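Could you walk me through this structure, beginning with how its helices pack and ending with a few single residues? I would like to follow it with the model open beside me.

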Amino acid sequence: MDAFSVSIADGLNEPNMKKAKMLGIASTFAIFQFAMPMIGWLCVHTIVEKFNVFRYAIPWIALTLLSFIGGKMIFENIRSRKNLEEEKNTTKKLGLIALLIQGIATSIDALSVGFTIADYDALNAIIACTIIGVVTLGFCVIGLFFGKKISSKFSSYAELIGGIILIGIGLEIFISGMIELYA
């Protein structure tokens, strides 16, 4: 759901996005959502003691990355409002680095899924992670289309709304991670 929400924000931010780029963005989220639980599963089977310390940093990392990207989007929107004519003629395109950061930030909490499937053998772990990746791909494509569709109604606020969504997702990951760690 985090990747779905970020996909909506990305669609809002870039209403003229081509279908190939949409598929690339959705695929990036799907790959990260596949890889993170697999990495968690591998860690449980190899270096559990060392990896367990990192578990406490996951909510902080997600909050920091998503807040940084979201804050940057909000700042850019506020700054671009000073020159409305320029804003109408340009759209901010999602770059590769920002996409990778979004992919990591929205999937880092999926590392813990690797802990929950630790009892699975390798084949079942791969199947579970593949299902997660395929579902993520579908939801992200839908999110991107939805974001693009509503962006025409909110075009002047798209970047602002996208930034707020990213910060909100970062807070949600952080709060749920803290509750899980300390409850």
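A residue counts as buried here when its relative accessible area is under 20%, as exposed when that area is over 50%, and as partly exposed in between. With that cut-off in hand, take Gln33: its relative accessible area is 11%, so Gln33 is buried. Please keep in mind throughout that this is a predicted model.

Let us step back to the whole chain before returning to that glutamine. The protein chain holds nine helices and zero strands, so the string of elements from the N terminus on reads α-α-α-α-α-α-α-α-α. Of its 183 residues, 42% count as buried. Among contacts with a separation of 6 or more, 92% join residues that are 24 or more positions apart. With that in mind, we can look at which helices meet.

Begin at the N-terminal end with H1, which covers residues 2-13. H1 has 12 residues and reaches 17 Å from its first C-alpha to its last, close to the 16 Å expected at 1.5 Å a residue. How many of the residues of H1 are buried? The count is 11 of 12, and H1 is thus described as mostly covered. Among the buried residues of H1 are Asp2, Ala3, Phe4, Val6, Ser7 and Asp10; Ile8, Ala9, Gly11, Leu12 and Asn13 are buried as well.

Now bring in H2, residues 19-46. Two packed helices are described by the angle between their axes and the distance between the axes. For H1 and H2, the axes come within 11 Å and cross at roughly 160 degrees. Angles over 145 degrees count as roughly antiparallel, and H1 and H2 are therefore roughly antiparallel to each other. Their crossing is right-handed. On the H1 side, the contact is made by Ala3, Val6, Ser7 and Asp10, while H2 contributes Ile25, Phe29 and Gln33. By character, these contact residues divide into four nonpolar, two polar and one charged. For the spacing of such positions, it helps to recall that an α-helix has 3.6 residues a turn, so residues three or four places apart point the same way.

The next partner is H8, residues 122-151. Its 30 residues should span 44 Å at 1.5 Å a residue, and the end C-alpha atoms are 42 Å apart, which agrees. How do H2 and H8 lie with respect to each other, parallel or antiparallel? The axes of H2 and H8 come within 8 Å and cross at roughly 150 degrees; H2 and H8 are therefore roughly antiparallel to each other. The crossing of H2 and H8 is right-handed. Residues in this contact divide into 20 nonpolar, five polar and two charged.

Which residues of H8 are buried? They are Ala125, Ala128, Cys129, Gly133, Thr136, Cys140, Gly143, Leu144, Gly147 and Ser151. The buried residues of H8 pack against H1 and H2.

Two residues let us see these helices from the inside. Ser7 lies in H1 and, at 0% relative accessibility, counts as buried. Leaving aside residues up to four places away in sequence, Ser7 touches Phe29, Cys140, Gly143 and Leu144. Gln33, where we started, lies in H2. With the same neighbours along the chain left out, that is, residues up to four places away, Gln33 touches Ala3, Thr106, Ser107, Ala110, Ile132 and Thr136.

Other positions in H8 have greater accessibility values, so let us take them one by one. Val135 lies in H8 and counts as partly exposed at 42% relative accessibility. Although Val135 and Ala30 are 105 residues apart in sequence, they are 7.8 Å apart in space, C-alpha to C-alpha. Ile142 also lies in H8; with a relative accessible area of 53%, Ile142 is exposed. Ile142 and Ile8 are 134 residues apart in sequence and 8.3 Å apart in space, again C-alpha to C-alpha.

Our last stop is H9, residues 158-182, where Glu172 has its place. At 40% relative accessibility, Glu172 counts as partly exposed. Glu172 and Leu63 are 109 residues apart along the chain, and their C-alpha atoms are separated by 8.4 Å.

Terms used
Residues numbered from 1 in each chain as written. Predicted model: local features only at pLDDT ≥ 70, side-chain atom pairs only at ≥ 80, totals over all residues. Heavy atoms only, no water. Axes fitted to C-alpha atoms, helices over the stretch in contact; angles between N-to-C directions. Helix = DSSP H or I, 4+ residues; strand = E, 2+ residues; numbered from the N terminus. Parallel < 35°, antiparallel > 145°, perpendicular 65-115°, else oblique. Left-handed = near helix turned anticlockwise from the far one by under 90°. Contact = heavy atoms within 4.5 Å. Nonpolar A, V, L, I, M, F, W, Y, C, P; charged D, E, K, R; others polar. Expected span 1.5 Å × (residues − 1). Buried < 20%, exposed > 50% of the residue type's maximum accessible area, 1.4 Å probe, protein only.
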